Amino acid sequence: MSASGTETDLVTGAFSYSGSRIAELLMDSGREVRTLTNHADRDHPLRARVHALPYRFEDPDSLAASLEGIATLYNTYWVRFERGRTTFTSAVDNSRALFEAARRAGVARIVHVSIANPSTDSPLPYYRGKALVEQALAAAGVPYAIVRPTFVFGGGSDVLANNIAWILRRMPLFVVPGDGRYLVQPIHVDDLARICLQAARGRRDVILDAAGPDTMSFEELVRAIRDAVGQRTPILHAPPAAMAAFARALGLVVRDVVLTADEIRGLTAGLLTSHQPALGQISFLEWLNENGPTLGRAYANELARHFRMSETPAPS
Ligand SMILES: NC(=O)c1ccc[n+]([C@@H]2O[C@H](COP(=O)([O-])OP(=O)(O)OC[C@H]3O[C@@H](n4cnc5c(N)ncnc54)[C@H](OP(=O)(O)O)[C@@H]3O)[C@@H](O)[C@H]2O)c1
């Protein structure tokens with residue numbers, strides 16, 4: 001609790017994507033917010049209102065000190081792919097260190113953002129790593145809620161829907177991996193943030209999916225985005241390996257990792273859906289109708305956001 005008597009929560013990544021919406025909702029409800037981030041100086045609308053500290057996973061005492069006085073820890077920390085010294089193993093270790101620091105600091109509850117369909121048996125390191133982090137949280141000794149989103153859209157910083165739109169606007173064709181019939185169930189970032197805040201209120205340990213009201217095949221999703229951005233780009237099908245090669249080639253042009261081979265495997269295996277009743281309320285298709293004119297005008301670059309410290313803009 002702060003000197004003013006207001007309770008303080010900590011949201012990892014409050015100047016990034018989903019963490020930013022969680023932080024904003026918390027402050028709208030009268031709470032104070034602290035954050036851990038690699039980008040404490042990022043130019044962001046919340047920067048003046050959120051006390052930012054660096055992630056110090058390698059220093060357990062400092063990490064615990066940054067969590068002193070926190071009521072709820074909202075954790076969005078994870079890495080999308082491995083690169084250099086950033087690995088899924090290190091991300092699992094860092095998450096474990098964060099939970100241990102929260103326990104030492106006396107944090108009352110952890111709301112952890114995971115992913116739909118994680119599994120320790122998964123052949124995909126992302127999904128396996130996410131399952132290991134969930135296990136670490138369950139063993140940490142702090143009451144918790146695990147929120148598992150499918151794939152997140154909206155809010156101006158989404159990667160997948162935005163970059164599909166960018167490709168449809170800029171490229172002569174769009175390649176759908178496989179038959180395109182596997183399902184996706186997007187969740188709006190505002191719904192995800194609301195579900196996280198609701199999950200903070202309970203006392204019991206809970207695990208719930210965060211998925212939106214619209215389920216469609218991936219091909220239907222691409223066609224809906226194409227209509228919304230007013231393009232007629234031909235949509236072709238290719239084996240997932242060919243799609244991965246295409247994504248790698250595009251990555252050279254935009255200086256990014258557009259989509260990894262593992263992400264294509266997860267997508268074509270239908271992992272971006274939930275098997276629970278949808279908790280999200282915002283329709284992807286309605287959102288598309290409203291946001292089509294601006295969607296995909298600029299490319300959202302993951303490497304620039306999280307890996308390049310001195311950012312040289314890639315083509316937009
Ligand atoms: N976005 C989606 O479509 C989606 C779908 C399903 C599940 N999820 C899960 O939802 C959670 C939040 O996702 P998000 O898209 O909102 O994440 P994000 O905002 O891009 O990042 C969340 C936090 O992780 C840190 N981070 C990200 N990549 C990193 C890297 N390579 N090295 C070091 N730190 C890194 C960020 O650091 P900074 O603070 O320095 O930016 C931020 O603090 C994640 O656990 C993700 O797995 C996301």
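**Figure 1. Helix 1 and the glycine that comes after it.** Start at G30, which follows helix 1 and has a positive phi, near 95°. This is a predicted model, so keep in mind that every view here shows a prediction. Helix 1 itself spans residues 18–28 and is mostly covered, with eight of its eleven residues buried. Which residues of helix 1 are buried? They are S18, G19, S20, R21, I22, A23, E24 and L26. These buried residues have plenty of partners: they pack against strand 1 (8–12), strand 2 (32–37), strand 4 (70–75), strand 5 (109–113), strand 7 and helix 6.

**Figure 2. The surroundings of the ligand.** Now look at the ligand, which has 23 residues around it. Of these, G13, S16, S18, T37 and N38 come nearest. You have already met S18 as one of the buried residues of helix 1. What kinds of residues form the shell around the ligand? Twelve are nonpolar, eleven are polar and none is charged.

**Figure 3. D190, a residue of helix 6.** Find D190 in helix 6, which covers residues 189–201. Is D190 buried or exposed? The answer lies in between: D190 has 18 other C-beta atoms within 10 Å, so D190 is partly exposed. Leaving aside residues up to four places away in sequence, D190 touches R21, G154, G155 and I282. R21 in that list belongs to the buried residues of helix 1. Another residue of helix 1 to look for is S18. D190 and S18 are 172 residues apart along the chain, and their C-alpha atoms are separated by 8.3 Å.

**Figure 4. I110, a residue of strand 5.** Move next to strand 5, where I110 lies. Why does I110 count as buried? Because I110 has 24 C-beta neighbours inside 10 Å. Once residues up to four places away in sequence are set aside, I110 touches L73, N75, F99, A102, L137, V142 and Y144. For another pair to find, try I110 and R42: they are 68 residues apart in sequence, and their C-alpha atoms are 25 Å apart in space.

**Figure 5. Helix 5 and its neighbours.** Helix 5 runs over residues 160–170 and is mostly covered, since eight of its eleven residues are buried. Those residues are A161, N162, N163, I164, A165, W166, I167 and L168. They pack against strand 7 (152–153), strand 8 (174–177) and helix 7.

**Figure 6. Where helix 5 meets helix 7.** Two packed helices are described by the angle between their axes and the distance between the axes. Here, helix 5 and helix 7 (residues 218–228) pack at an angle of about 60°, with axes 10 Å apart. Their crossing is right-handed. Which residues make the contact? From helix 5 come A161, I164, A165 and L168, and they meet V222, I225 and R226 of helix 7. Six of the contact residues are nonpolar, none is polar and one is charged.

**Figure 7. Stepping back to the whole chain.** Finally, zoom out to see a chain with eleven helices and 13 strands. Its radius of gyration is 19 Å, close to the 20 Å that the globule rule gives for 316 residues, so the chain is as compact as a globular protein of that length. Buried residues make up 44% of the chain. Among contacts between residues at least 6 apart in sequence, 76% join residues at least 24 apart.

Conventions. Residues numbered from 1 in each chain as written. Predicted model: local features only at pLDDT ≥ 70, side-chain atom pairs only at ≥ 80, totals over all residues. Near = placed C-beta within 6 Å. Nonpolar A, V, L, I, M, F, W, Y, C, P; charged D, E, K, R; others polar. Helix = DSSP H or I, 4+ residues; strand = E, 2+ residues; numbered from the N terminus. Rg over C-alpha atoms; globule rule 2.2 N^0.38 Å. Buried ≥ 20, exposed ≤ 12 C-beta atoms within 10 Å, placed from the backbone. Contact = placed C-beta atoms within 7 Å. Axes fitted to C-alpha atoms, helices over the stretch in contact; angles between N-to-C directions. Left-handed = near helix turned anticlockwise from the far one by under 90°.
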